[in-house]
Amino acid sequence: MSHVSPFQGRAGAYVVNQSASTRWPYWNDPTWRLFRTSQMVICAILLTLLVLYFAGVASVLYPLAAAVILNIVAATVVIARGIQLRIKGGPSR
């Protein structure tokens with residue numbers, strides 16, 4: 001019997017041996033990977049600006065707003081590409 005983490009719950013017991021290709025099915029697609037990586041970078045910048053804003057630096061308010069908008073656009077593009085790949089029948093290899 002394989003070891004199941006107590007944080008996985010009952011449903012997690014059935015997905016213990018997932019491979020990377022089934023866990024992240026679109027990661028092999030270069031376009032989706034570029035969009036997803038860009039979104040992660042934008043999110044890191046957003047979080048940095050948010051920390052600076054909460055630290056009292058008021059001059060980061062407009063860059064913070066721009067980062068929020070860029071993150072929303074990037075998330076929309078990632079979702080659209082994922083839907084496109086799902087309709088197409090999976091990631092390109």
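A residue is called buried when its relative accessible area is under 20%, exposed when that area is over 50%, and partly exposed in between, computed with a 1.4 Å probe on protein chains only. The structure is a predicted model, in which local features need pLDDT of at least 70 and side-chain atom pairs count only at pLDDT 80 or more, while totals for chains, interfaces and linings use all residues. Residues are numbered from 1 along each chain as its sequence is written, and side-chain values use heavy atoms, with hydrogens and water left out.

**Exercise 1. Classify Val41 and locate its element.**

Step 1. Helices (H or I, at least four residues) and strands (E, at least two) are DSSP runs, numbered from the N terminus. Val41 belongs to helix H3.

Step 2. The relative accessibility of Val41 is 46%, and therefore Val41 counts as partly exposed.

Step 3. Asn71 is 30 residues away from Val41 along the chain, and the two C-alpha atoms are separated by 9.3 Å.

**Exercise 2. Describe the chain as a whole.**

Step 1. The protein chain has 4 helices and 0 strands. Read from the N terminus, the order of elements is α-α-α-α.

Step 2. Of the 93 residues in the protein chain, 20% are buried.

Step 3. A contact means heavy atoms within 4.5 Å. Among contacts in the protein chain with a separation of 6 or more, 58% join residues 24 or more positions apart.

Step 4. Accessible areas come from the Shrake-Rupley method with a 1.4 Å probe; for residues, only the protein chains shown count as cover. The protein chain has an accessible surface of about 7,100 Å², and carbon and sulfur atoms account for 68% of that surface.

**Exercise 3. Analyse the surroundings of Asp29.**

Step 1. Asp29 is placed in the loop between helix H2 (20-23) and helix H3 (30-54). Its relative accessibility is 2%, so Asp29 is buried.

Step 2. A polar contact is a pair of N or O atoms within 3.5 Å; within protein, one must be able to donate a hydrogen and the other to accept it, and residues adjacent in sequence count only if both atoms are side-chain atoms. The side chain of Asp29 reaches the backbone nitrogen of Trp32 at 2.9 Å.

Step 3. Side chains of opposite charge can pair when their charged atoms come close. A salt bridge is a side-chain nitrogen of Lys or Arg within 4 Å of a carboxyl oxygen of Asp or Glu. The structure holds 1 salt bridge. Arg81 and Asp29 form a salt bridge, with their closest N and O atoms 3.0 Å apart. Because Arg81 lies in helix H4 (residues 61-88) and Asp29 in the loop between H2 and H3, the pair ties together parts that are 52 residues apart in sequence. Both Arg81 and Asp29 are buried.

**Exercise 4. Compile the aromatic pairs and their exposure.**

Step 1. Rings of Phe, Tyr and Trp (its six-membered ring) pair if their centres lie within 6.5 Å; planes under 30 degrees apart count as stacked, over 60 as edge-to-face and the rest as tilted. By this rule there are 3 aromatic pairs.

Step 2. One of them is the edge-to-face pair of Trp27 and Trp32, at 5.7 Å centre to centre and 75 degrees between the planes. Trp27, at 33% relative accessibility, is partly exposed, whereas Trp32, at 11%, is buried.

Step 3. The ring centres of Tyr53 and Phe54 are 5.9 Å apart and the planes stand at 50 degrees, so this pair is tilted. Tyr53 is partly exposed, with a relative accessible area of 33%, and Phe54 is exposed, with 65%.

Step 4. Tyr26, Trp27 and Trp32 form one aromatic cluster.

**Exercise 5. Identify the nonpolar patch that contains Phe54.**

Step 1. Patches are made of residues with over 30% relative accessible area and no salt bridge: like charges are joined within 9 Å, and nonpolar side chains (Val, Leu, Ile, Met, Phe, Trp, Tyr) within 5 Å.

Step 2. Phe54 forms a nonpolar surface patch with Leu47, Leu50, Tyr53 and Leu61, and their accessible area together is about 480 Å². H3 provides the largest share of this patch, 4 residues.
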